[in-house]
Amino acid sequence: MIPVSGDRIVFLGDSITQQQLYTNYVESYLAARFPALKLSFWNAGWGGDTAPGGVKRLERDVLALKPTLVTVCYGMNDGRYTASTPEISGAYEGGMRELLACLKAAGCRVVVLTPGCVDYDRNPTHKVNDYNRGLRVLADIALRVAAEAGVVGYDLHKLMLEVQTRAKAADPAFTMIPDAVHPDPAGQLVMAYALLDALGVPTRAVAVEVDVAARSAACAGGRSARMRRTPDALQVQAQLTV
């Protein structure tokens, strides 16, 4: 699923996608790391949208762009901000199935991100409704539908909830979702990591070797490194490639 030369990539989703944060992070990373691929990117996020809504505008907002790779992230609005019901989960599943079928019929490669999570501390109503549990139901549906369609599925809900839980354990005032629903730049960075991981983009390991006696430093996998000794510390600066 790693992007290939000439890929036309469309990000499809709701207002979280429309924010153009995680999508811009991914675009910038791919363009900087793989400039020879000549990738093209479009954002098809739409505020308040749902999976069935995405089906209705698919031809106009996505297929008209002749994409070769489409990322899909729906569920936050599909859950209707209340406890899960068969009606809610059924509508979401139906919309996701139709979306994936249409995209595959158009010859697109597809990556599905499950919905993320909400921050109960920022909206107690979501806690009363146990909305993260409802989003978990939709996340499981998204992963199952993706697997049955033979496309990539990634559990963004699990990742974001784990990051949020660990961060709040260290600092109870922490939030990466200040309005309870829309991730801020830090939360969107987690989303970008998830999408790059789902795309199968390999990580880069960069090692910096320091020779204290010789007062020198070398950077493997980067362009340059230098060392400076201060009265209190040894500082190493490395200029890295992406």
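This report walks through the overall make-up of a predicted model, then a helix pair, the aromatic rings, the cysteines and one valine.

## The chain as a whole

Start with the inventory: nine helices and nine strands. The chain runs to 242 residues, and 44% of them count as buried. On the surface side, the accessible area comes to about 11,900 Å², with 55% of that belonging to carbon and sulfur atoms.

What about contacts along the sequence? If you take the contacts in the chain with a separation of 6 or more, 69% come from residues 24 or more positions apart.

## Helix 7 against helix 8

Helix 7 covers residues 131–149 and helix 8 covers residues 156–170. Their axes sit 9 Å apart, and the two pack at an angle of about 150 degrees. Helix 7 brings Asn132, Leu135, Arg136 and Ala139 to the contact, while helix 8 supplies His157, Lys158 and Leu161. Sorted by character, the residues of this contact are three nonpolar, two polar and two charged.

## Aromatic rings

How many aromatic pairs turn up in a search of the whole structure? The count is two. One of them joins phenylalanine 11 and phenylalanine 41, with ring centres 6.2 Å apart. Their planes are at 5 degrees, and planes under 30 degrees apart count as stacked, so this pair gets that label.

The pair ties together distant parts of the chain, as its two members are 30 residues apart. Phenylalanine 11 belongs to strand 1 (residues 8–13), and phenylalanine 41 to strand 2 (residues 40–45). Are these two rings' residues buried or exposed? Phenylalanine 11 has 2% relative accessibility and counts as buried. Phenylalanine 41 comes in at 16%, and because the buried class takes anything under 20%, phenylalanine 41 is buried too.

## Cysteines

If you're setting up bonding, here's the tally: zero disulfides. The rule asks for a pair of cysteine sulfur atoms within 2.5 Å. Cysteine 73 counts as buried at 8% relative accessibility, and cysteine 108 is likewise buried, at 8%.

## Valine 55

Valine 55 sits in helix 3, which spans residues 51–56. Its relative accessibility is 17%, so valine 55 falls under the 20% cut-off and counts as buried.

Which residues does valine 55 touch, leaving out those up to four places away in sequence? They are Gly95, Glu98 and Leu99. In that part of the sequence there's also methionine 96, 41 residues along the chain from valine 55, and the C-alpha atoms of the two are separated by 8.3 Å.

Key: Residues numbered from 1 in each chain as written. Predicted model: local features only at pLDDT ≥ 70, side-chain atom pairs only at ≥ 80, totals over all residues. Heavy atoms only, no water. Helix = DSSP H or I, 4+ residues; strand = E, 2+ residues; numbered from the N terminus. Buried < 20%, exposed > 50% of the residue type's maximum accessible area, 1.4 Å probe, protein only. Contact = heavy atoms within 4.5 Å. Areas by Shrake-Rupley, 256 points an atom, 1.4 Å probe, with all protein chains shown as cover. Axes fitted to C-alpha atoms, helices over the stretch in contact; angles between N-to-C directions. Nonpolar A, V, L, I, M, F, W, Y, C, P; charged D, E, K, R; others polar. Phe/Tyr/Trp six-rings, centres within 6.5 Å; stacked < 30°, edge-to-face > 60°.
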